[in-house]
Amino acid sequence: MIERDPWFDDEAGPLVRPFAITRGRARSDHHDLDLITLVMTRYARASPQTAEPEYAEILRLCRAPQSVAEVSAHIGLPIASTKVLISDLIDLGNLTIRSQQPTAESTLDELALLRMVLDGIRSL
């Protein structure tokens, strides 16, 4: 009979900590990623040059645009670890990003909306 280790639980999931997956890196200085940055594979059949399954899973998920937060939720890793893995895939040329940065036109639209709200409040 095989004696089981009382500290191991099959339902606990993998015992590899996120910093082991990212090789000790807590952040990437190469890319400015936030929670709503959209990530998408550059090629339909992109494959990572690394053997780690997390990279392949990110590429599979990002065949359609996904936010960094969505990728993190799907792969079950903390945001910081997910950002490091996404940055690695960007550096390898497998992923592309699009930030949700405001444009001059969207800023003008927001200003016009705020003026309309202010005018409405004043008319009350």
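Residues with under 20% relative accessible area are called buried in these legends, and Gln 66, at 14% relative accessibility, is therefore counted as buried in this predicted model.

**Figure 1. Overview of the predicted chain, with its 5 helices and 3 strands.** Read from the N terminus, the elements of this predicted model follow the order α-β-α-β-α-α-β-α. Of the 124 residues in the chain, 27% are buried, and the chain exposes about 9300 Å², of which carbon and sulfur atoms supply 57%. When contacts between residues at least 6 apart in sequence are considered, 69% of them join residues at least 24 apart.

**Figure 2. Close-up of Gln 66 in strand E2.** The relative accessibility of Gln 66 is 14%, and this residue is counted as buried because the limit for that class is under 20%. Once residues up to four places away in sequence are set aside, Gln 66 touches Thr 37, Leu 38 and Val 39, and it also touches Leu 61, Val 71 and His 74. Two of these partners return in the views that follow: Leu 61 is among the buried residues of H2, and Val 71 is among the buried residues of H3.

**Figure 3. Close-up of helix H2 (residues 53–61) and its salt bridge between Arg 60 and Glu 57.** A search of the whole structure finds 1 salt bridge, and in the pair formed by Arg 60 and Glu 57 the closest N and O atoms are 2.7 Å apart. How far apart along the helix are Arg 60 and Glu 57? They lie 3 residues apart in helix H2, so about one helical turn separates them. Arg 60 is partly exposed, with a relative accessible area of 42%, and Glu 57 is also partly exposed, with a relative accessible area of 27%.

**Figure 4. Close-up of the buried face of H2, with Tyr 55, Ile 58, Leu 59 and Leu 61.** Tyr 55, Ile 58, Leu 59 and Leu 61 are buried in H2; seen down the helix axis, the buried residues fall within an arc of 165°, so they line one face of the helix. The cover over these buried residues includes the strands E1, E2 and E3 (95–98), together with the helices H3 and H4.

**Figure 5. Close-up of the packing of H2 against H4.** The axes of H2 and H4 are 10 Å apart and meet at an angle of about 75°, which makes H2 roughly perpendicular to H4. On the H2 side, Glu 54, Tyr 55, Ile 58 and Leu 59 take part, and these residues meet Leu 85, Ile 86, Asp 88 and Leu 89 in H4.

**Figure 6. Close-up of helix H3 (residues 68–75) and its buried side.** Val 68, Val 71, Ser 72 and Ile 75 are buried in H3; they cover an arc of only 100° around the axis, which puts them on the same side of the helix. Which residues does H3 carry on the face turned away from its buried side? That face carries Ala 73 and His 74, both of which are exposed. The buried residues of H3 pack against strand E1 (38–41), H2, strand E2 (66–67) and helix H4 (79–91). After H3 comes Gly 76, whose phi is positive, near 75°.

**Figure 7. Close-up of the packing of H3 against H4.** H3 and H4 pack with their axes 9 Å apart, at an angle of about 105°, which makes H3 roughly perpendicular to H4. The contact is made by Val 68, Ala 69, Val 71, Ser 72 and Ile 75 of H3, and by Ile 79, Thr 82, Lys 83 and Ile 86 of H4.

**Figure 8. Close-up of Ile 86 in helix H4.** At 0% relative accessibility, Ile 86 counts as buried. Leaving aside neighbours within four places in sequence, Ile 86 is in contact with Leu 33, Val 39, Ile 58, Val 68, Val 71 and Leu 95. Ile 86 and His 31 are 55 residues apart in sequence, while their C-alpha atoms are 9.2 Å apart in space.

**Figure 9. Close-up of His 30, in the loop between helix H1 (18–21) and E1.** Is His 30 buried or exposed? With a relative accessible area of 60%, His 30 is exposed. His 30 and Asp 88 are 58 residues apart in sequence, and the distance between them in space is 9.0 Å, C-alpha to C-alpha; Asp 88 is also one of the H4 residues that meet H2.

Terms used. Residues numbered from 1 in each chain as written. Predicted model: local features only at pLDDT ≥ 70, side-chain atom pairs only at ≥ 80, totals over all residues. Heavy atoms only, no water. Helix = DSSP H or I, 4+ residues; strand = E, 2+ residues; numbered from the N terminus. Buried < 20%, exposed > 50% of the residue type's maximum accessible area, 1.4 Å probe, protein only. Contact = heavy atoms within 4.5 Å. Areas by Shrake-Rupley, 256 points an atom, 1.4 Å probe, with all protein chains shown as cover. Salt bridge = Lys/Arg side-chain N within 4 Å of Asp/Glu carboxyl O. Arc of directions from axis to C-beta. Axes fitted to C-alpha atoms, helices over the stretch in contact; angles between N-to-C directions. Parallel < 35°, antiparallel > 145°, perpendicular 65-115°, else oblique.
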